[in-house]
Amino acid sequence: MAETALTETTVAEVMAELAELEDPRAREVNEKHGDDHGVNLGKLRALAKRLKTQQELARRLWETGDTAARLLAILICRPKAFERDELDAMVREARAPKVHDWLVNYVVKKNPHSEELRLAWFADPDPVVASAGWALTTDRVAKKPQGLDLAGLLDVIEAEMKDAPDRLQWAMNHSLAQIGIEHAEHRTRALDIGERLEVLKDYPTSPGCTSPFAPAWITEMVRRQGDT
């Protein structure tokens, strides 16, 4: 009981500290990307470093539903400590793009249930949940492609990416690029699909950055690999 009370006090203290870090300008920028918080991510990471790993506190911060608190929770949690159903519920609750992205990349990818969740989410009717399945698939394309049907993935991308909702389309496009970059035997087809579908072809790209348009992305990354 004492431990619970201590955690609750800590949650209140952390929430107060997050409120002090609130910056209206940061919120304005973040909200343009769908993220409803105003905390500078560098300051958020500094706070997480000070708090260190605290799984119970992370769970309580997540339960607040506050976006900044959930980002902090992701940074101080123990990724391998979550159960499969717990992560499934969290991904379905994580509507802010940054929370969703960090949860998949910092937690789910490091969890022993990641492959089971990848398969469950891949064809989920919720496009945001499905995008998490595609993000995990992209990770496997790059790191552990054995057992993946890459030609089959390209079939799905070719049939569905053009009309997919934004976040799912982005995740499928990343898989397309990764297949083209990592697997020379599928590169010509990946380039062809990208050229024909023209997804993200006109996406604004800062000078010095690689375009997310798959043919440009694949060509540039293959060129860099050739330079090393």
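A pocket is, on a 1 Å grid over the protein atoms alone, an open set of points with protein on both sides within 12 Å along at least five of seven lines, and a cavity is a set where a 1.4 Å probe fits but cannot get out; lining residues have an atom within 4 Å of a point. Grid points are joined across faces, edges and corners, and a volume is the space filled by probe spheres set on the points.

The model is predicted: local features need pLDDT of at least 70 and side-chain atom pairs count only at pLDDT 80 or more, while totals for chains, interfaces and linings use all residues. Residues are numbered from 1 along each chain as its sequence is written, and side-chain values use heavy atoms, with hydrogens and water left out.

**Exercise 1.** Characterise the largest pocket and locate it relative to the domains.

*Solution.*
1. The largest pocket holds about 930 Å³ of space.
2. Its lining comprises 25 residues, and those nearest the centre are Pro97, Asp101, Arg167, Trp170 and Ala171.
3. Helix 7 (97-107), helix 9 (127-143) and helix 11 (166-182) are the elements giving two or more residues to this lining; helices here are DSSP runs (H or I, at least four residues), numbered from the N terminus. Helix 11 provides the largest share, seven residues.
4. By class, the lining has nine nonpolar, nine polar and seven charged residues. Ala, Val, Leu, Ile, Met, Phe, Trp, Tyr, Cys and Pro count as nonpolar, Asp, Glu, Lys and Arg as charged, and the others, Gly among them, as polar.
5. The largest pocket lies between domain 1 (8-111) and domain 2 (112-227), because both give residues to its lining. The domain bounds come from an automatic or database domain assignment.

**Exercise 2.** Determine the composition of the second largest pocket.

*Solution.*
1. The volume of the second largest pocket is about 190 Å³.
2. Among its lining residues are Lys109, Glu115, Arg118, Asp139 and Lys144.
3. Helix 8 (114-122) and helix 9 each contribute at least two lining residues, with helix 9 giving the most, four.
4. The class count is one nonpolar, one polar and seven charged.

**Exercise 3.** Describe the enclosed space of the model.

*Solution.*
1. There is one cavity of 30 Å³ or more, and the largest cavity contains about 40 Å³.
2. Residues lining the largest cavity include Arg59, Trp62, Ile74, Phe82 and Val107.
3. Helix 4 (55-63), helix 5 (67-76) and helix 7 each supply at least two of the lining residues; helix 4 gives the most, three.
4. The lining of the largest cavity divides into nine nonpolar, no polar and one charged residues.
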